[in-house]
Amino acid sequence: EIRELDAKLEEQNKLIDARRRILAEQAEEVDQANAKKANNFRSFSEMLMAVHAAADGRSDDRLIRSSGMAERPGADGGFVVGTDYSQEIIKRMWDSGKIFNKCMNIPLGQGVNSTKIPGVDEESRANGFRFGGIRAYWVGEGNNIPSSKGKFYNVGLELEKLAALVYLTEEMMQDSTQMESWANESVPKELMFVLEDAIISGDGVAKPRGILNSNALITVPKEAGQLAKTLKAENIAKMWARCKSENRDNAIWFVNQSVESVLYTMGLTFGTAGTPVFMPPGGFSQSPYGTILGRPVISVEQCPALGSVGDILLADLNAYYLATKGEIKKDVSIHVKFESAETAFRFIMRVDGAPSWKSAVIPAKGEDTLSPFVALQAR
């Protein structure tokens, strides 16, 4: 009887999940239809003016109320912004980002808010552990081939909500062209900053799990007697040695801007001679962009300050999964702060991310672990 009850309960749960998916798909279809109608505006600024006019009772048939909001004007009332404008914002994010546009992007489809990506559970490259346990043998004539089996794990991603709520005063709304330019520049940059900060150092609680909180991160020890807030050529060499060779072709040196002044003056000394570790192409007369060991050096604000773990980070972002869903959703409301004549703009992006590696790996021959993510100990 208990088994029968469990079976019925499981079947009911499946029906509930199926119903939820159907409702989510229907809601998304309504949103898409509304957004398509909202695209009848010739520009974002034209829509802003229509929203502003609605505050005076002059309605526009092209304005569509946000899904799930009241049909009558209220504290939470708002209007859908066309997907063309939303896609322009996400395009600006991907064009201007230095970190998340290099991750392994995994777009999720309609009605899907989570995914599990299988990964090979490989913690060692020794015989019998490669690829989670796959084993190849030299087999003599007539002998049986020993069997082996791989081991896997799942990287679970469940879409989180990254949002921004911005208010514009009635005076600011008078220049709609200026406001369109401001919204299309400032909001994507803010969303980008917060997302990329999570990719680097997120704790995984209602946000992506960052590289610096990954079990696969290798933190190379500092040199004996190394002074605080310094960087040595030996640090660079040892970090490179811990980056798995297959990941080096895509690896990038991400650094905090405070690290650059140290990089420009750092060199390897050989007797009375030496050679720079880092130098922009063409020397100091050219733009400040260069490489270390053939890989690009990119300055980002999201890396911690000089002397902290992560101030210089060697990472192959192909080993970082980033799940996204559609374009950024934008809504406009004239009712949230009606009494102060302010218009609210809400931007929501659904995204989650996590390193694809479960842990660093022990090489087949050698002792030091290897990983696509390598940092330097705090100094």
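## Briefing: cores, a tryptophan pair and a few odd residues

Let's start in a loop: Ala 206 sits between helix 5 and strand 6 (218–220). This is a predicted model, and Ala 206 has a phi near 55°, which is positive even though the residue isn't a glycine. Further in, there's a nonpolar core of 37 residues, the largest one here, and a second, separate core of 26 residues. Below is a quick tour, topic by topic.

**Positive phi outside glycine**

- Ala 206 is out in the open: its relative accessible area is 53%, so it counts as exposed.
- Lys 229 is another non-glycine with a positive phi, at about 55°.
- You'll find Lys 229 in the loop that runs between strand 6 and helix 6 (233–242).
- Lys 229 is exposed too, with 57% relative accessible area.

**The largest nonpolar core**

- Among its 37 members, Phe 254 and Leu 313 are the ones touching the most other members.
- Plenty of elements chip in at least two residues each: strand 5 (160–169), helix 5 (176–201), strand 7 (252–255), strand 12 (312–315), strand 13 (320–324), strand 15 (342–355) and strand 16 (373–376).
- Helix 5 is the top contributor, giving six residues to this core.
- Leaving aside residues up to four places away in sequence, Phe 254 touches Lys 98, Ile 99, Lys 102, Ile 298, Val 300, Cys 303, Asp 311, Ile 312, Leu 313, Ala 315 and Leu 317.

**The second core**

- This separate set of 26 residues includes Cys 243, Val 255, Leu 263 and Tyr 264.

**A pair of tryptophans**

- The aromatic pair count comes to one.
- That pair is Trp 240 with Trp 253, and it's stacked: the centres are 6.4 Å apart, with 20° between the planes.
- Trp 240 belongs to helix 6 and Trp 253 to strand 7, so the pair ties together parts 13 residues apart in sequence.
- Trp 240 is buried, at 16% relative accessible area.
- Trp 253 is buried as well, with a value of 0%.

**A buried lysine**

- Lys 244 is in the loop between helix 6 and strand 7.
- Its relative accessibility is 9%, and because buried means under 20%, this lysine counts as buried.
- Setting aside residues up to four places away in sequence, Lys 244 touches Arg 125, Trp 357, Val 361, Leu 370 and Ser 371.

**Gly 353 and its contacts**

- Gly 353 is part of strand 15 and is buried, with just 2% relative accessible area.
- Its C-alpha is separated by 8.5 Å from that of Leu 159, though the two residues are 194 residues apart along the chain.
- Not counting residues up to four places away in sequence, Gly 353 touches Leu 157, Pro 208, Arg 209, Tyr 320, Tyr 321 and Leu 322.

**A nonpolar patch on the surface**

- Val 120, Phe 131, Ile 134 and Phe 152 make up a nonpolar surface patch, and together they have about 400 Å² of accessible area.
- Ile 134 is in the loop between strand 3 (114–120) and strand 4 (152–158).
- With 44% relative accessibility, Ile 134 counts as partly exposed.

Technical notes:
Residues are numbered from 1 along each chain as its sequence is written. This is a predicted model: local features need pLDDT of at least 70, side-chain atom pairs count only at pLDDT 80 or more; totals for chains, interfaces and linings use all residues. Side-chain values use heavy atoms; hydrogens and water are left out. A nonpolar core is a set of buried Ala, Val, Leu, Ile, Met, Phe, Trp, Tyr and Cys residues joined through side-chain atoms within 4.5 Å. Buried means under 20% relative accessible area, exposed over 50%, partly exposed in between (1.4 Å probe, protein chains only). Helices (H or I, at least four residues) and strands (E, at least two) are DSSP runs, numbered from the N terminus. Contact means heavy atoms within 4.5 Å. Patches are made of residues with over 30% relative accessible area and no salt bridge: like charges are joined within 9 Å, nonpolar side chains (Val, Leu, Ile, Met, Phe, Trp, Tyr) within 5 Å. Accessible areas come from the Shrake-Rupley method with a 1.4 Å probe; for residues, only the protein chains shown count as cover. A salt bridge is a side-chain nitrogen of Lys or Arg within 4 Å of a carboxyl oxygen of Asp or Glu. Rings of Phe, Tyr and Trp (its six-membered ring) pair if their centres lie within 6.5 Å; planes under 30 degrees apart count as stacked, over 60 as edge-to-face and the rest as tilted.
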